[in-house]
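Work through the exercises below with the sequence and the 3D view side by side. Try each task before reading its solution.

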Amino acid sequence: MAMVFAVDEINRNSNLLPNVTLGYSLYDNCGALVTGFRAALVLASGQEEHFLLQENCSGTPSVVGIVGDPYSSFSIASSNVLGLFRLPMVSYYATCSCLSDRQRFPSFFRTIPSDAFQVRAMIQILKHFGWTWVGLLVSDDDYGLHVARSFQSDLAQSGGGCLAYSEVLPWGNDPAQLRKIVDVMKKSTARVVMVFAMEIQIYHLMEEVLRRNVTGLQWIASEAWASVEILLTPDFMPYLSGTLGIAIRRGEISGFKDFLFKIHPNQHHSSNYRKSIVNQFWEDIFQCKFAPPPEGWVGAFCTGQEDLHNVENELFDVSELRPEYNAYKAVYALAYALDDMLHCVPGRGPFSGHSCATLQNLEPWQLVYYLDKVNFTTPFGDEVSFDENGDVLPIYDVMNWLWLPDGRTKIQNVGEVKESAEGEVLTLDEDKIFWNSESKQPPRSVCSESCPPGTRMARKKGQPECCFDCIPCSEGKISNKTDSMECTSCPEDFWSSPQRDHCVPKKTEFLSYHEPLGICLTTASLLGTFICAVVLGIFTHHCSTPVVRANNSELSFLLLVSLKLCFLCSLLFIGRPRLWTCQLRHAAFGISFVLSVSCILVKTMVVLAVFKASKPGGGASLKWFGILQQRGTVLVLTSVQAAICTAWLVSASPAPHKNIQYYNDKIVYECVVGSTVGFAVLLGYIGLLATISFLLAFLARNLPDNFNEAKLITFSMLIFCAVWVAFVPAYVNSPGKYADAVEVFAILASSFGLLVALFGPKCYIILLRPEKNTKKAIMGRGTSKM
């Protein structure tokens with residue numbers, strides 16, 4: 001009747017198809033494929049005769065287009081035939097995405113979105129509520145099987161979730177198959193079930209769900225049953241309440257209700273078929289029979305005087321026009337295509353030779369051309385046009401099944417989903433949604449809970465990708481978002497936080513003035529410097545005494561200064577390494593120690609020369625060890641070390657370096673030596689001088705002198721060599737700041753050793769045994785020996 005109303009409305013419209021009257025023929029497929037297919041064959045087989053019209057339009061009425069078939073499988077069968085003749089077919093209810101194949105169905109159009117969009121709309125709902133673990137039930141036909149393939153493909157591509165199971169619903173009431181399906185649903189952990197099927201299949205399924213008492217499921221309905229009120233029964237609502245569904249776009253047809261009330265058996269003498277269906281409608285509404293009644297009829301007879309206004313029937317409720325609205329739009333699409341065709345200007349037409357089509361010579365493919373370009377707006381405000389596949393601009397209403405406290409049921413609109421330039425846009429009024437749970441909140445339906453930041457997803461073997469374990473990120477790697485597929489490594493100067501959810505700057509390590517070890521070494525260095533200053537003050541104050549003047553007091557003062565420099569250079573090893581400290585520390589250390597050892601070496605040589613000069617004929621040896629020679633020797637020996645340091649700094653200078661090899665979570669600031677050869681030559685030169693000094697002092701240790709300084713030099717060089725022999729392996733095996741600490745300790749230990757061994761006994765005599773600080777005592781003529 002929506003189609004009939006549309007045709008009558010168009011015929012009354014002077015602006016649309018003026019001077020042209022549309023007619024129609026009604027066919028009932030009776031829910032059987034063979035019936036609908038036979039009707040398509042009848043229409044297609046008579047095309048040539050139907051289009052040979054006279055100029056006055058008399059003759060057999062022409063069929064220029066078909067509105068229908070409502071079922072996808074039937075439309076596929078019919079379009080396979082009608083497509084051969086390019087006869088346009090506009091369906092208002094067939095949704096199978098396979099019908100968008102323009103190669104196979106070149107003349108098929110529809111005013112309902114295809115299942116391809118419906119599937120994407122469903123996925124939008126799943127993603128909106130975070131449902132990643134769902135079950136899928138489909139009907140055993142083209143509609144269901146194409147949906148199953150499309151759903152699995154689109155779901156995988158969108159990353160919106162996984163299918164816990166996919167089952168095919170039987171057409172008939174197959175108890176064994178239904179029990180198997182319900183068993184799968186009951187055992188699955190998926191709480192959301194999506195169903196693409198017809199209402200009769202849902203009805204049989206719900207009977208089994210009711211028998212097995214399968215509760216706690218969130219049902220998602222396809223457009224085929226999302227607004228079917230036959231399922232809103234007291235038995236089913238404990239299970240189906242809260243259902244969300246995709247429904248055909250609701251529309252309003254102005255004047256349609258008044259048109260329905262005008263239906264009367266006496267109106268339609270021109271069409272026996274139309275009269276028969278009107279009579280059947282009348283008999284069903286008023287529970288009567290027209291004469292002659294069937295044999296055995298004992299009820300009332302229909303008089304035709306009955307009043308439809310006195311009848312309460314859902315057929316007169318035009319507030320929820322969905323497939324009817326699509327049929328209304330389908331008729332108008334054909335009418336607008338014809339209207340565009342008739343407005344063609346000869347010589348400017350779209351066909352061969354710029355010709356136009358006319359009603360007298362109309363070929364079906366020519367109307368298909370104009371249908372492709374149809375674009376109009378319904379009085380309800382919906383734009384109607386077809387894309388390159390014959391599909392209408394997609395839009396769906398989102399429905400929710402409401403179970404009111406008083407027992408009433410209602411299917412309410414809670415949103416819409418439509419296509420836009422950005423993709424599918426879902427709009428929901430969540431405050432209106434009824435949830436069938438005690439919490440009145442959307443249920444959770446996931447195979448595995450989301451992995452928090454700091455972890456990554458690891459798929460469970462043999463299970464869908466939505467089933468996974470959460471593995472903590474390893475050290476140095478993080479994930480800063482939920483459900484990370486992998487952990488990312490932190491930059492070089494950063495390390496993972498304890499929670500592994502963000503990178504933090506690595507701790508920096510160097511021998512600092514603020515840590516206990518650094519404080520102790522600094523204190524020792526300053527203490528040694530202070531002691532050197534004190535000793536230097538003592539020697540300066542007692543510079544005229546024999547102990548100070550013995551064995552070249554100038555070398556003693558120079559030795560004290562060099563030891564003071566040794567103590568101070570250790571401070572260069574403490575604190576954050578910088579370029580100038582890295583370059584200066586080893587140079588200062590090397591030159592200071594060479595200066596010290598050179599003074600000691602010259603002292604030792606002087607002792608040997610003095611002893612040799614005391615023998616007959618040995619006086620000439622002293623001329624080689626005068627003051628100038630001693631100074632020159634110290635200067636030359638020290639200059640050699642200075643040259644070594646200069647060559648080292650020029651060729652491969654030490655530099656600060658961030659070492660990340662010692663520790664994963666720390667940056668060790670250290671000075672790389674630049675040239676290992678340069679460092680080895682520097683230490684080797686100090687070791688060579690120390691060894692020579694030790695050997696010479698060892699040879700002179702038993703010389704007959706009351707105050708033989710060679711003994712002190714021997715002991716001091718023994719300490720010095722022992723310290724630096726132990727230093728090398730300790731330095732090589734110490735990581736980071738501990739290598740610097742070892743080197744500082746070696747500097748301090750050897751410096752203290754030299755200071756105490758060489759100057760301790762002299763300070764003892766000067767301060768505590770002044771009676772021995774005489775020339776007689778030193779020359780051995782005192783009453784006692786040291």
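The exercises that follow concern a predicted model.

**Exercise 1. Confidence**

Task: Find which elements have the lowest and the highest mean pLDDT, and say where the pLDDT falls below 50.

Solution:
- Start with the whole protein. Its mean pLDDT is 85, and 91% of the residues reach 70 or more.
- Go to the elements. Helix α3 (residues 47-50) has the lowest mean pLDDT, 42. Strand β3 (residues 108-110) has the highest, 96.
- Look around α3. The pLDDT is below 50 over residues 47-54. Beyond near neighbours in sequence, this stretch has 17 contacts in the model.
- Add residues 781-786, where pLDDT also stays under 50. Here the model has ten contacts beyond four places in sequence.
- Draw the lesson. Predicted coordinates should not be read in detail where pLDDT is low.

**Exercise 2. A parallel sheet and its helix**

Task: Give the strand order of the sheet that holds β1, β2 and β3, and name the edge strands.

Solution:
- Read off the order. It is β1-β2-β3, in an open sheet with parallel pairing.
- Find the edges. β1 (66-67) and β3 each have a single partner strand, so one side of each is left without a neighbour in the sheet.
- Place the helix. α4 (residues 72-82) packs on this sheet and touches β1, β2 and β3. Its direction makes about 165° with that of β2.
- Check one pairing. Three bridges join β2 (residues 89-91) to β3. V90 has F109 of β3 as its bridge partner.
- Inspect the loop between β1 and α4, where D69 lies. The peptide bond from G68 to D69 is cis, with omega near -10°.

**Exercise 3. A mixed sheet**

Task: Which strands stand at the edges of the sheet that contains β22, β23 and β24?

Solution:
- Write the order: β22-β24-β23, an open sheet with mixed pairing.
- Pick the edges. These are β22 (507-509) and β23 (655-659); each has a single partner strand, so one side of each lacks a neighbour in the sheet.
- Note the twist. Neighbouring strands are turned by 25° against each other on average, direction ignored.
- Zoom in on one pair. β22 and β24 (residues 666-672) pair in the parallel sense over three bridges. K507 has K666 of β24 as its bridge partner.

**Exercise 4. A crossover**

Task: Determine the handedness of the crossover from β4 to β5.

Solution:
- Confirm the pair. Strands β4 (residues 133-139) and β5 (residues 162-169) run parallel and are joined by seven bridges. One bridge partner pair is S139 and L169 of β5.
- Trace the chain. From β4 the path goes through helix α6 (residues 142-158) to β5.
- State the result. This β-α-β crossover is right-handed.

**Exercise 5. Two helices in contact**

Task: Are α12 and α13 roughly parallel or roughly perpendicular to each other?

Solution:
- Take the geometry. The axes of α12 (residues 323-342) and α13 (residues 364-372) come within 8 Å and cross at roughly 105°.
- Apply the cut-off: 65 to 115 degrees counts as roughly perpendicular. α12 and α13 are therefore roughly perpendicular.
- List the contact. α12 supplies A333, L334, A337, L338, D340 and M341, while α13 supplies L367, Y370 and L371.
- Sort these residues. Eight are nonpolar, none is polar and one is charged.

Terms used:
Residues are numbered from 1 along each chain as its sequence is written. This is a predicted model: local features need pLDDT of at least 70, side-chain atom pairs count only at pLDDT 80 or more; totals for chains, interfaces and linings use all residues. Side-chain values use heavy atoms; hydrogens and water are left out. Axes are lines fitted to C-alpha atoms, for helices over the stretch in contact, and angles run from 0 to 180 degrees between N-to-C directions. Helices (H or I, at least four residues) and strands (E, at least two) are DSSP runs, numbered from the N terminus. Angles under 35 degrees count as roughly parallel, over 145 as roughly antiparallel, 65 to 115 as roughly perpendicular and the rest as oblique. Contact means heavy atoms within 4.5 Å. Ala, Val, Leu, Ile, Met, Phe, Trp, Tyr, Cys and Pro count as nonpolar, Asp, Glu, Lys and Arg as charged, and the others, Gly among them, as polar. pLDDT is the predictor's confidence in each residue, from 0 to 100. Two strands pair if DSSP finds at least two bridges between them. A crossover is right-handed if, with the strands pointing away from the viewer, the path from the first strand over the helix to the second runs clockwise.
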